[in-house]
Amino acid sequence: MKIKQTCIKIFFVLVLPGCINFGYAQNLSVEQKADSLLSKMTLQEKIGQLVLTSAFGNKMGEMIKKGEIGFTGNWGPHKRDSLQTIAVEHSRLHIPLVFATDVIHGYNTIFPVPLAQSCSWDPDLVTKAASIAAFEAASDGVNWTFAPMVDIARDPRWGRIVEGAGEDPYLGSVMAAAYVKGYQGKDLNRPASIAATAKHYVAYGAAQAGRDYNTVDISERTLREIYLPPFHSAVNAGAESIMSAFNDLNGVPASGNYFTLTKILRDEWKFKGVVISDYNSVGELVNHGVAKDKSDAARIGITAGVDIDLAGDTVMGDIYAPYLENLVKKGIVPGSLIDRSARRVLRMKLKLGMFEHPYIDKDFFRKKGPSKEEKNKIARQLANESIVLLKNYKNVLPLKKDIHSIALIGPLADDQENLLGPWSPNGISKNVVTVFQGIRNKVSSGTIINYAKGCGILDTSTAGFKDAIENAKKSDVAVLVVGESREMSGEAASRAFIDLPGVQNELIKKIYETGVPVVVILMNGRPLTINWISQNVNAILETWYLGDQTGNSIADVLFGDYNPSGKLTVTFPRSVGQIPIYYSHKNTGRPPDPNDKYTSKYIDSPVTPLYPFGYGLSYTTFDFSNLKIDKTTISTNGSAIVSVDVTNTGTTTGTEIVQLYIRDIVASVTRPVKELKGFKRIQLRPGETKKVQFTVTAGMLSFYNSEMKKIIEPGKFDIMVGNNSDNVLTTSLEVVK
Ligand code: BGC
């Protein structure tokens, strides 16, 4: 068996790539190799390269042999390599398949969900986690992930807010690049690299009323300033692919949108990779009402710039595969468009090194790669950094490890499955450390843990309350682990009400009434409306879904082994009625004034959020002082250095995330009251002061004018530094001609 495998390997690694079968000589560039292969392909074979399918069961082999499939899903290593054998050995041109799947926040090792990861404000760590995910996925034969999701989301009703980095285009852009770097590594050709996909292009997160797949109608300014930047950042970081979205955008569906897919992506940004549709999003051009039928949808998709069809309600690949050939033969779609897309696909396969190593390099994966301990260490560190301390009244936290007794209550306190969060198909729930286990491992052997579930996540019954209340009464502190189930966020999981589901709020109230100090641990995929909790309980930790290391990490924070440093990357509203609410809003002609009725506000609610963007507490306190700027004026290509002293005024070492915001005071178009332009993570010992510097370039102060040209307009700017979007020191800077 071993000998046979070695022979096969020698053949494919050493012999086959050099021979005529791949249709090119080895010393050619990627471009020349792609052209050479293309010149040997029939129209059908070219169209085959534009199809991603997994749904044909037994017919897959035959289709691969005929060159009707360019890509498929994740089949597990064994089946994967046997399908690859058909492509490489038995198809006419021996073009290897590429295997794709959604690796969103880990593959086997599950890291925090992306929204949680963004709260770490630690792009280097995000990159490390993504590279572990890539390694694990690649060892199973995956070559391509449909991640990162870089959609800006400002509406917590939208379930997919959990998949991205929150509301801000700057932070979103930093995180987009961090993921791309992690998945793709330095060189796509490495066995442990997988191609990244920035999705969903574009403005999917602006779905009206937060309803998934819904219409998006936004200005070109909002498109360019808010929704496009993370995609542009992913492209600049070298992302190999882009996924076109489900939504329509200003009347044109994103998967048939020439303006975004070709004019912006190709002409303006010079993107060279592939565009794949979302699942059946080309087919859905019919439902959108812009295509007469599926054939028309295929025409619109390919013409607008969608290269690969990820598609089919019942049978994947049912848009490009059956219709493109006829469209070309009838002269409706120029053959050059098929060539263009097929060339992009071949280029991707060449860059991935698929021709040199079409099979899983088992030796490589056996010998190399991070150990389980190293992976868990990164997962735990990222989970620690993702937790946001929202409230800590009278410093109830951290708890003492030798505390006498803890009432551990709530539907998620002893759960594993939900803690994986949405989009973790290869996660292993038995690897997840529950909160119960994490606390047990941390506290002294004498500490009593009085556990009671209290209720299920969606329960309407309060029958379990009694035990929970009794446990609370006999304990020194009650820790309540509450939230949403993992299916309540992610795709097709929009909510009209974003309270804690079921009777969980009532459960918290009952425990609070016992008089025991209450610590609430939230697990959820979106900001929730938690006014009562925020006003009443002693401490709140927002933990989102932290993945495998949940229990360890929550225990680290609860008992002070990790001092929380996470900061919200999305605003918490007080009510659904305030949505959309985000820090980077405009001033309006009538900014809210409590003493003037005729200003922009509500008669039944404050306008302010419950917790602002960038907010998060620590067990220590930080003081910001001495904000200085080295010049008061700069030219349109100049820069200034702003500095601030940050002091740890408490008694514990802690990490602060220092945030830089700007405001254009007067411009030819209205500008937001604040825009994030930089941040730094710093660690300070008690009493220590560090000077933190940012360079503010004139380019950072640019914006789109009314002709949609990016310009730097002379004038005055506020330069602000602080520890959340609502707590800043301000200085000013003038840009002169
Ligand atoms: C989702 C994408 C995902 C694709 C493939 C779609 O339903 O919108 O985010 O990549 O399925 O799984």
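In this predicted model, a polar side-chain atom of E491 lies 2.8 Å from an oxygen atom of the ligand. Of the accessible area of 310 Å² that the ligand has on its own, the protein covers 87%.

Polar contacts of this kind involve further acidic side chains, as tabulated below.

| Residue | Distance from a polar side-chain atom to a ligand oxygen atom |
|---|---|
| D102 | 2.5 Å |
| D278 | 2.6 Å |
| E491 | 2.8 Å |

The residues around the ligand also include R160, K199 and H200, together with F146, M243, F246, Y279 and W423. By class, this shell consists of five nonpolar, one polar and five charged residues.

A separate topic is the sheet architecture. Six strands form an open sheet with mixed pairing, in the order β11-β16-β15-β14-β12-β13. Its edges are β11, spanning residues 388-392, and β13, spanning residues 448-452, each of which pairs on one side only. From one strand to the next, the twist averages 15°.

At the β11 edge, the neighbouring strand is β16 (residues 539-542); the two run antiparallel and are joined by four bridges. Within this pairing, V388 has E542 of β16 as its bridge partner.

Towards the other edge, helix α19, comprising residues 465-473, lies across β12 (405-409) and β13. The helix runs at about 160° to β13.

Notes:
Residues numbered from 1 in each chain as written. Predicted model: local features only at pLDDT ≥ 70, side-chain atom pairs only at ≥ 80, totals over all residues. Heavy atoms only, no water. Pairing = 2+ DSSP bridges. Axes fitted to C-alpha atoms, helices over the stretch in contact; angles between N-to-C directions. Contact = heavy atoms within 4.5 Å. Near = heavy atom within 4 Å. Polar contact = N/O pair within 3.5 Å; in protein donor to acceptor, adjacent residues only side chain to side chain. Areas by Shrake-Rupley, 256 points an atom, 1.4 Å probe, with all protein chains shown as cover. Nonpolar A, V, L, I, M, F, W, Y, C, P; charged D, E, K, R; others polar.
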